[in-house]
Amino acid sequence: MKYNIICSVVAGCFIASTAFAQEEGKEIDYRRSSIYSVMVSHTDQNYADEIKQAFLDMEVPDKYNDHNLSVKVIDMDKKLKGARSDQENQIITNFLNQNNIGSRLVGKWFNRDAYTGQCDVELVKERGLYNASEFDKAIAARSQRARALLEDAGEELIGNTFVLVNDIRYIDKAQKAKGFATALRIIGQVAGAATGVNTSNLTDNLGDMIESIKGFKVKINTFLYQLEWDEATSANFYQNHYSDTPDESKRKAFELGRSNYKLKFAGKVESKGNTASFMGINEDQPQVMVLKACTRAIDENIADLGHEVEAFRVRVPLLSTEPITAPIGMKEGVSKNSRFEVLEVNEDPETGKRTYKRAGVIQPISSLIWDNRFMAEEEGAPGATLGKTTFKKVSGGDFYPGMLIREIASK
Amino acid sequence: MKLRKTLTLLCLLGMAGSLFAQELSIKVNENGKAGYVDATGGEVVPCKYDAAYAFENGFGKVMKGEKFGLVDKSGTLVVPVSYDELTYDAARNIYRVKKGKKYGYLDGKGNVLLKPQYSLISPFNRYGKALIAMGGKVTADNKVKKNYLVGAKYGVLNADGTVAIPAKYKGLYEFRKIVNEGKVGHGAMLEKVTYYFGDTLLTDCKYMGFDTRGWVALGAGVLDENGTIVIKPATVSYAFRPNAGMARFYDYFTRSKSFNVGYIKLATQQKQTFLNGVQTDFNDATDFMDDIAAIAKNGVWNIVDRNLSIVNSNYKYLTKGTKCGLWCLQTADGKCDFFDTAGKPVFEGQGYAGVFFPRSEQEADQRYIAVKKDNVWGLIDRDNNTVLPFEYEQMTSVQFGWIPVKKGGKWGMQSVDGTSIVPTAYDDITSAVVPDTKAVYVKQGSLWYVYNIAQHKALGSGYKAAGRFIDGLAWARPEKFTVPDNMVYRSFSSDNSISAENFGYIIDNEGREIVSQPLPIAQIEEIRNEILKKGIHPLTQNETKNLLLKISVRSRHYDLNSQISEENWDY
């Protein structure tokens, strides 16, 4: 008997330690806002094509869901009137309204087939219906719980769909770089003679590019719009426009009712227009310089909009609590003066509805702020390789990994 | 007594398991300082660090200021808190460290294995080699969004941390530029590349090029894997990767823009020129394979030995099996002589007058050679046994165990085991392009059809032109085919024009049309990836429209004051 008990205790030690190890590997789910980003391209300017290509090369920031539509670039052959004002820009609002952007964002949420009117909720499930298996059961049982789960997700997900209209203009600060270009030509000729390959044309082009491109920077005005998704809008959609099978009458009703899905102007920011540091950057690669300038400016605007518009503010989960770390950094506007609230998530077991309650406040450690801005690592920027920002507790109780943090507005 | 011993042992094992499984836990005190405690909560490592990380490999990583060190389970600081970076490589049981801007390695116990004096240490490649560098300035290359060094000196590190080639060469080059792939002149040349942080070496580093300049591989010398010079710099213009102790070389003369061609014997550094003052595409000589090489001179191929003495001559054509280790030299009247890599004749007296060596690099294919004898073709193996009888009008190469054959004026496909894959009933046939392919194309009249191997028949519609199947999908263009003239389709061309030749449908290997609307052929890879995301199935009208819009997004733009028509919107 004693023998058996001791063996059990020994076995228990191993089992307990394994369970501890498994708990640490659990993935963290959290709902992100969704964005559709479009640019106003100024065809009257130099490098309009390069700026357009850089914009199309930009990835959706990892703290947001990609809700892009099939139109990404709209042209203007002159300056946008009123671009620098903080107010809503009527030209942009008119474009969004006359092209029924609100309805298209809703159509994308429900994967709407334009030819048959058929919809599904797979994207909603993928982006934030955590109880997906519960939902499937509820759908099968045709219970009210399915609708409640969907509406909860809808409120937090569909209602947090945003449009960013980025008005991008190039600012010309050309400087000469003849010495470097000349050196390239000489090297090119020597290499060409040795290999039998004529590189002189190539180095001529490089020289010209260097002379004209050095000192590139952009100014970006970003206008933020939010999809209106209130109870009346969602009720109208589910009753009159949603069908999980082809339905010609609902398809037509949606087409005729597109203007019911509205966007509201939420805010506007202008980038500081700092010349992004090109420290150590090869001058013979202008396209990458364009990409860096545009990406840094748009990231800066997104961070600023997050400060201004609470619904647009980024929430991320804590990675660890000893030390307190989170995958957020300078790209999201984190600075030594930032303050973040730590949020406890509570889920109503009946409805599945989630609410958030502040559990504490934390502040970044200034020497441990992650510089995750675009190409910070290539620049050799301090903090670029940290991979996360480390915080210290300002107030509150116990934290645990997976709790969300959100910046507290300082304005 | 025996029971008591057993119980004691079990307890010790259990305790050892517990200790092994439960490393010291991190504790953070009220001042925010971190340390470690044991299972009873007793402090083992005082809370004096800014951060402490979970134990790994029996050590806990601690941080003070922005420096890192290691403590063991007894609380001893075995690695001082002096490194700017300290990362454990579990696969090799070593720690990669950085001090200031210098990298080095500690062994699994925390002892210095490679002093941090290197400005770069690359990840190890699959051959267990890493690039090391000393000195240089970190510079950003924004085209590829990576950093590299300017002005550094390079060497090679072995997987056990020993230095294979000391970091003293401004120019260190790999034999990574493959020329004349699949042709007789196939070989590897030195290539100057920029090594970015994070890149690995590509080769086994058995031989490396080197010089003091570092900006071009022309005229570089060659080191062996121990760093010994086997060819001095400026000995030749271009050295090919040595093989069998011999290195093919080409010397370039700028005034006459001509080349000398020959070989260097590594053991003696003796340089022997075989051709003088020629124009070349590096396809007029082979690397040495064991004891022989072949060089073309005045339109004739010659077999030479290690002294460059001609052992056989007068051949009009040379065909070399890529991996099967055989050469075929053909005289002007079509007679074939075969040699193995030692220069020994094979298939002597067989009277073969045509050959197709295997085209793939698959090991299993290398046994089979298609040969012509008395105006008919058959398939033999390396031992000259007949695999497929000499009864075919034409054959081509074995590819993944199958070979196209022609009989009675019609093409089909045979397996090397004699099974008929496609009957000889078609005007033409394509080879298998991947192992276990599900379909090939057969031609009837002027159109190509998908021949499904499993169903033993040609399926679906005929197409005027088609691409090869990759991952079960291919583009295909029917005879009668028009492309809609609208903004979306015009956007695929830089001059806004539409040419039907640039578009096709998408079919699967059962001949089904997965997309029955024109899509741009130039973007077939992107289209295929999009279709595979949701599984191969005939796309609906809506799915096709959204696919078209997705792949054209980069080329479409609209006026800010316009109402954009529905064909341009996905939702």
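A cavity is a set of points, on a 1 Å grid over the protein atoms alone, where a 1.4 Å probe fits but cannot get out, and its lining residues have an atom within 4 Å of a point. Grid points are joined across faces, edges and corners, and a volume is the space filled by probe spheres set on the points.

The model is predicted: local features need pLDDT of at least 70, side-chain atom pairs count only at pLDDT 80 or more, and totals for chains, interfaces and linings use all residues. Residues are numbered from 1 along each chain as its sequence is written, chains are lettered from A and ligands numbered from 1 in the order in which they are written, and side-chain values use heavy atoms, with hydrogens and water left out.

**View 1. The largest cavity, between two domains of chain A.** The whole structure holds three cavities of 30 Å³ or more, and the largest has a volume of about 180 Å³. It is lined by 17 residues, of which A:Tyr64, A:Ile302, A:Ala303, A:Val314 and A:Glu332 are the closest to its centre. The lining has eight nonpolar, two polar and seven charged residues (Ala, Val, Leu, Ile, Met, Phe, Trp, Tyr, Cys and Pro count as nonpolar, Asp, Glu, Lys and Arg as charged, and the others, Gly among them, as polar). Helix H12 (residues 286-308) of chain A gives the most to this lining, with five residues; helices (H or I, at least four residues) and strands (E, at least two) are DSSP runs, numbered from the N terminus. The cavity lies between domain 1 (32-173 + 215-313) and domain 3 (314-411) of chain A because both give residues to its lining. Domain bounds come from an automatic or database domain assignment.

**View 2. Helices H10 and H11 of chain A.** H10 (residues 231-241) and H11 (residues 248-256) pack at an angle of about 145°, with their axes 9 Å apart. Axes are lines fitted to C-alpha atoms, for helices over the stretch in contact, and angles run from 0 to 180 degrees between N-to-C directions. From H10(A), A:Phe237, A:Gln239, A:Asn240 and A:His241 meet A:Lys250, A:Ala253 and A:Phe254 of H11(A), where contact means heavy atoms within 4.5 Å. Three nonpolar, three polar and one charged residues make up this contact.

**View 3. A:Phe162 in strand S4 of chain A.** The strand spans residues 161-171. A:Phe162 counts as buried because its relative accessibility is 0% (buried means under 20% relative accessible area, exposed over 50%, partly exposed in between, with a 1.4 Å probe and protein chains only). Leaving aside residues up to four places away in sequence, A:Phe162 touches nine residues' worth of surroundings that include A:Ser33, A:Ile35, A:Leu224, A:Tyr225, A:Ala311 and A:Phe312. A:Tyr36 is 126 residues from A:Phe162 in sequence, yet 6.3 Å away in space, C-alpha to C-alpha.

**View 4. Helix H4 of chain B.** Of the eleven residues in H4 (residues 541-551), eight are buried, among them B:Asn542, B:Lys545, B:Leu548 and B:Ile551. The buried residues pack against helix H2 (487-490), strand S49 (513-520) and helix H3 (524-533) of chain B.

**View 5. Backbone details in three loops.** Most residues other than glycine have a negative phi, and most peptide bonds are trans. A:Glu322 and A:Pro323 are joined by a cis peptide bond, with omega about 0°; A:Pro323 is in the loop between strands S8 (320-321) and S9 (324-326) of chain A. B:Asp374 is not a glycine but has a positive phi of about 50°, and its loop runs between strands S35 (369-373) and S36 (376-380) of chain B. B:Phe400, also not a glycine, has a positive phi of about 55° and is found between strands S38 (394-395) and S39 (402-407) of chain B.

Definitions and conventions: 1 Å grid on protein atoms, 1.4 Å probe; cavity = no way out; pocket = protein on both sides within 12 Å on 5 of 7 lines; lining within 4 Å.
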